[in-house]
Amino acid sequence: MQDKKISSVELTTEYLARNAKLGPVLNANITVADEAALAMARAADAAIASGDAHPLTGVPFGVKDAICTRDILSTGSAHMLDSYVAPYDATVIARLRGRHGVLVSKHNCDGFGHGASNENSHFGPVKNPWDLTRVPGGSSGGSAAAVAADLCVYAIAEDTGGSIRYPASLSGIVGFRPSYGRNSRYGIMPMASSLDVVGPMAHTVEDIAILMETMAGLDPHDATSVPDVVPAYAKELDGPVAGMRIGIPKEYFGDGIAPDVAAAVQGAIKEMEQLGCTVHEISLPHTNYAIATYYVLVPCEDSSNLARLDGMRYGTRGTGSLNDTYISARNAGFPDEVKRRIMIGTYALSAGHYEAYYRKAQQVRTRIIEDFTHAWKSVDMILTPTAPITAFKIGEKAADPLQLYLADIFVAPSSLAGVPALSVPCGFDRDGLPIGMQLIGPRMAESRVLQLGHQYQRVTDWHTRVPNLD
Amino acid sequence: MELTPDHIRSIAALARLSLTDAEVEKYREQLAGVFAYMEVLNEVDTEGVEPTGQVSGLADVLRPDRVVETDATTRAALIALFPERAGDALVVPPVL
């Protein structure tokens, strides 16, 4: 665009046409911004013409619908907010729009981010672009499918316990969860406030680095955003990785992992050795407690956060007396999984149970963090599969919520520790379904994680493969 | 742990949800399964371990307590979200 070979209006028009054609096939979008997108594209073209261009200027992107976007519907994929138009942009969105990024679509997701398969949406399940009978992963499934199918160049989503990395892995794209606090959470529909992180999804780690430079940094609207200086991530991508010590936690290669996934990750480990890294077996002994810890802490914080949704000041108003108003609004407005998590959290926080569940889980969380702190004494990076299996069939695991909770087994520990973690495509299984590996670094070491991911992508071509949808 | 239908109904009441009998039974089974799974946490020795509430590394982040005016456009957008209104005022059901 900066060479004036194509305008943002032309590019946006092409993306809008592609969304009109393929969006319904995948059920990836809740809103396509059509007119608003073209207005942003015209503003981007004007910025380019006046010499005020940035790599993100004029580039079409999409946003998970659990993130607030000014003047464009933000439903959280729940009936409760199906007509909610936020009066403000989330900070990360404001920063991208400040660079004249073009917001083309709002993406389907699990309702309020509750799920790992994108089957818990008021707007129906999202389909995996690699096999339309399978899930794309969740909760940011619409965003993963949209990026994989080139319905947008990149997507902005949210990851509480894997909601970016897990669907990125199942859909064959890159997904990044930065350190907790690196990106502002302002304007995100909160799930578990001590875990929620905003991050980007794209085809390449290079794009992720460019996005992070714009998204990251202190925000006065979010008291948990950290004041650390934001590095020049893109410039630092070519920093040396030779000699980097990579830890392979033995707990991540147990019985539940599919043979093709294990083989693909072993292949990635060999590539890392080719890049000059050294590989070491390590132990993260509390890994097997991460899911139980996560599924205590998250519903507790979640049920508290969701108490604000009473249909009083915005959302769908209930009927009857004051108490009945709350009950009828929440009953009608919340999907099944949201109700289930509110029930789990309310029970775990109720009198007589708080110590046994919430406090106990917070203590085990400390143990999980100590696992990582200990690991950083002997390694610089940790490499694992992102998910134990590839994309499963829509409906296959819907009846048993615990089965679906276990999908997060490899992404939950790093979430609890608040460390940066990147999912990068590293192969395909025998059915042609994508496989992702996860690179986990120490807190605030985003640059190192992105370096390794980028240099892996320079010597592999998994990320260049595209699903056949045309 | 034994979860009874009455447990489920009282949790639902606390959470301002009402459930059909079929939902009560479904959640009773599912929650019992989930809480049974969480028992694994008791395998971890946490004697004397500090609980982790947050991982930002920050403490006591404060801001000045002052009123900030909203611009007219944002004000209008906020009011437009009211499910029920009288002029610019939000209408709520009577408390008593």
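**Helices, sheet and chain contact in a predicted model**

Student: In this predicted model, is the crossing of helix 1 and helix 2 of chain A left-handed or right-handed?
Tutor: Helix 1 and helix 2 of chain A cross with a right-handed sense. The contact draws on Ser8(A), Val9(A), Thr12(A) and Leu16(A) of helix 1 of chain A, set against residues of helix 2 of chain A including Asp34(A), Ala37(A), Leu38(A) and Ala41(A). By class, the residues of this contact are six nonpolar, two polar and three charged. The hand of the crossing is thus right-handed.

Student: How is helix 1 of chain A oriented relative to helix 2 of chain A?
Tutor: Helix 1 (residues 8-26) and helix 2 of chain A have axes 8 Å apart and pack at an angle of about 155°. Angles over 145 degrees count as roughly antiparallel. Helix 1 of chain A is therefore, with respect to helix 2 of chain A, roughly antiparallel.

Student: At about what angle to strand 3 of chain A does helix 2 of chain A run?
Tutor: Helix 2 (residues 34-49) of chain A lies across strand 1 and strand 3 (102-107) of chain A. Relative to strand 3 of chain A, helix 2 of chain A runs at about 150°.

Student: Which strands of chain A stand at the edges of the open sheet?
Tutor: Eleven strands of chain A form this open sheet, with mixed pairing and the order 1-3-2-4-6-5-10-11-9-7-8. Each edge strand has a single partner, so one of its sides is left without a neighbour in the sheet. The strands in that position are strand 1 (29-32) and strand 8 (278-282) of chain A.

Student: Which residue of strand 8 of chain A does Ile246(A) stand opposite?
Tutor: Strand 7 (residues 245-249) and strand 8 of chain A run parallel and are joined by five bridges. Within strand 8 of chain A, the residue opposite Ile246(A) is Val279(A).

Student: What is the bridge partner of Arg177(A) in strand 10 of chain A?
Tutor: Strand 5 (residues 174-177) of chain A runs antiparallel to strand 6 (residues 197-202) of chain A, with two bridges between them, and Gly175(A) is partnered there by Met201(A). Strand 5 of chain A also runs antiparallel to strand 10 (residues 421-428) of chain A, to which three bridges join it. Val174(A) and Phe176(A) point one way from strand 5 of chain A, whereas Gly175(A) and Arg177(A) point the other way, and all are buried. In strand 10 of chain A, the partner of Arg177(A) is Ala421(A).

Student: Which residue in the turn between strand 10 and strand 11 of chain A has a positive phi?
Tutor: Seven of the eight residues of strand 10 of chain A are buried, so the strand is largely enclosed by the rest of the structure. Seven bridges link strand 10 of chain A to strand 11 (residues 434-440) of chain A in an antiparallel arrangement, with Ser423(A) opposite Gln438(A). The two strands form a hairpin with five residues between them, and the turn residue whose phi is positive, about 80°, is Gly432(A).

Student: Which residue just after helix 4 of chain A takes a positive phi?
Tutor: Eight of the eight residues of helix 4 (residues 141-148) of chain A are buried, so this helix is largely enclosed by the rest of the structure. Among the buried residues are Gly141(A), Ser143(A) and Val147(A). Just after helix 4 of chain A, a positive phi of about 55° is taken by Asp150(A).

Student: What is the phi of His100(A), after helix 3 of chain A?
Tutor: In helix 3 (residues 91-98) of chain A, the buried residues are Thr91(A), Val92(A), Ile93(A), Arg95(A) and Leu96(A). Their cover includes strand 2 (60-64), strand 4 (154-159), strand 6 and helix 6 (205-215) of chain A. His100(A) follows helix 3 of chain A, with a positive phi near 60°.

Student: Which helix of chain A gives the most to the side that touches chain B?
Tutor: The contact takes 53 residues from chain A and 42 residues from chain B. Helix 8, helix 9, helix 10, helix 11 and helix 12 of chain A each supply at least two residues of the side of chain A that touches chain B. With eleven residues, the element that gives the most to this side of chain A is helix 11.

Student: How are helix 10 of chain A and helix 2 of chain B oriented to each other?
Tutor: Helix 10 (residues 336-349) of chain A and helix 2 (residues 21-38) of chain B pack at about 55°, with their axes 11 Å apart. Residues in this contact include Met343(A) and Tyr347(A) of helix 10 of chain A and Tyr27(B) and Leu31(B) of helix 2 of chain B. Helix 10 of chain A and helix 2 of chain B are therefore, to each other, oblique.

How values were computed
Residues numbered from 1 in each chain as written. Chains lettered and ligands numbered in written order. Predicted model: local features only at pLDDT ≥ 70, side-chain atom pairs only at ≥ 80, totals over all residues. Buried ≥ 20, exposed ≤ 12 C-beta atoms within 10 Å, placed from the backbone. Helix = DSSP H or I, 4+ residues; strand = E, 2+ residues; numbered from the N terminus. Pairing = 2+ DSSP bridges. Contact = placed C-beta atoms within 7 Å. Axes fitted to C-alpha atoms, helices over the stretch in contact; angles between N-to-C directions. Parallel < 35°, antiparallel > 145°, perpendicular 65-115°, else oblique. Left-handed = near helix turned anticlockwise from the far one by under 90°. Nonpolar A, V, L, I, M, F, W, Y, C, P; charged D, E, K, R; others polar.
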